[in-house]
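Student: I should like to learn how to read the empty spaces in a protein model and the surroundings of a ligand. May we work through an example together?

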Amino acid sequence: MAKDGNCSLEFFPPKTLAGRLKLLEETLPALIELNASYCSVTYGAGGSTRDTTVDTVLALSEQGYDVAPHLSFGTEDGALIEQLITRYQTNGINKLVALRGDLPEGVNTGHDLRHASELVSFIRGLTGDHFEIAVAAYPEIHPEAPGYDRDILFLKEKLDAGANRAVTQYFYNVESYFYFVDRCLAAGITQPIHPGIMPITNFANVQRFSAACGAEIPRWIERRMGDFSNDPDGAYRFGIEVVSQLCATLIESGAPPIHFYTMNQSAPVCTIARNCGLTGSDGSDARDKALHPSAA
Ligand code: FAD
């Protein structure tokens, strides 16, 4: 993977060995043309994917990919979080995405960590500068935030605690990202805020996720998708068109490299990347790197 890559790629940990092999042998090689700087692997709330996340991270790392495990503490035991951090460090992992995770209503974390900023401080206290740390940012503001400026202040706390960059929740209103970045700059945030982009491949799923995480789907997209209710191919093409345009606008504006929520699928992200000029279309460079991922 390239240090100054075009983008970064997020995967969830497959539940089965067959799923992991598919990720390693089909999905990742197909994505090599994107020249990503690293891939990240999510961590299920409450440690639900602890083992599969670790297995996937170590398998990717063994194959030469630069991997950033997500670490969300939620209601996890503090000692387990410490063990995980140490295990990653011992295995040569040098990137982390530090998150609070989602807490069931009315449930306390059960340990001293309440906010992601405290996890960042904890990682720095335990491992010094070993890890490059990314944290989450919300252009449309986190659903539990007490206010717009306060949420930006809390993002600044995470960065001031030692995080190196922020990656955003996905969004389809590009203005929300531009306004957010302006407000972050005004608040004194200087670290890069990478736009998180979710391809629209299954619109019903995107609607469900969006309702839960507070990402807005613009009315015009919802209405246009309504026209394709009996035409899955048309819906897919429209989704690709919308997200390709979103990415092209971000790239033209000079935004930091995009973070793609791949949902473990290569085709939509590759098509979007080609459409918005992130990658060339002849694939020659891509084929070469697919054979030698660690040399890229
Ligand atoms: P925090 O930064 O702690 O913020 C959570 C809330 O607390 C916000 O409303 C904030 O305004 C408020 N807050 C922060 N600090 C303070 C303070 N000092 N005082 C009062 N209020 C405060 N979830 C997973 O479970 N696993 C994953 O792998 C995962 N990956 C993600 C990747 C990205 C790029 C993003 C954007 C989100 C991801 N999430 C993941 C979801 C994330 O865990 C949830 O959005 C969670 O609700 C908040 O996590 P956070 O790290 O942003 O928390």
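Student: Which pocket is the space taken by the ligand?

Tutor: Please note at the outset that this is a predicted model. Rolling a probe the size of a water molecule over the atoms shows where empty space is left. Here, the ligand takes the space of the largest pocket. That pocket holds about 1,600 Å³ of space.

Student: How many residues line the largest pocket, and which of them lie nearest its centre?

Tutor: The lining consists of 48 residues, and nearest the centre lie Leu99, Gly101, Asp102, Tyr138 and Gln169. Helix 5 gives the largest share of this lining, with six residues. Sorted by class, the lining comprises 27 nonpolar, 12 polar and nine charged residues.

Student: Let us turn to the ligand itself. Which residues around the ligand come nearest?

Tutor: A residue belongs to the surroundings if one of its heavy atoms lies within 4 Å of the ligand. There are 24 residues around the ligand, and Tyr43, Asp102, Tyr138, Asp151 and Lys158 come nearest. The shell divides into 10 nonpolar, eight polar and six charged residues.

Student: Which helix supplies the largest share of the shell around the ligand?

Tutor: Helix 5 does, with four residues. At least two shell residues come from each of strand 3 (67-72), helix 5 (148-160) and strand 6 (165-170).

Student: How should I read the polar contacts with the ligand?

Tutor: One looks for a pair of N or O atoms within 3.5 Å. Tyr43 places a backbone N or O atom 2.6 Å from a nitrogen atom of the ligand. Asp151 has a polar side-chain atom 2.6 Å from a ligand oxygen atom. For Lys158, a polar side-chain atom lies 2.7 Å from an oxygen atom of the ligand.

Student: What percentage of the area that the ligand exposes when taken alone does the protein bury?

Tutor: The ligand alone exposes 980 Å², of which the protein buries 86%.

Student: How many cavities of 30 Å³ or more are there?

Tutor: A cavity is a space in which the probe fits but from which it cannot get out. The count is four cavities of 30 Å³ or more. The second largest cavity has a volume of about 40 Å³. Among the residues that line the second largest cavity are Tyr138, Glu140, Gln169 and Cys213. Its lining has six nonpolar, two polar and one charged residues.

Key: Residues numbered from 1 in each chain as written. Predicted model: local features only at pLDDT ≥ 70, side-chain atom pairs only at ≥ 80, totals over all residues. Heavy atoms only, no water. Polar contact = N/O pair within 3.5 Å; in protein donor to acceptor, adjacent residues only side chain to side chain. Areas by Shrake-Rupley, 256 points an atom, 1.4 Å probe, with all protein chains shown as cover. 1 Å grid on protein atoms, 1.4 Å probe; cavity = no way out; pocket = protein on both sides within 12 Å on 5 of 7 lines; lining within 4 Å. Sits in = over half its atoms within 2 Å of the grid points. Nonpolar A, V, L, I, M, F, W, Y, C, P; charged D, E, K, R; others polar. Points joined across faces, edges and corners; volume = space filled by probe spheres on them.
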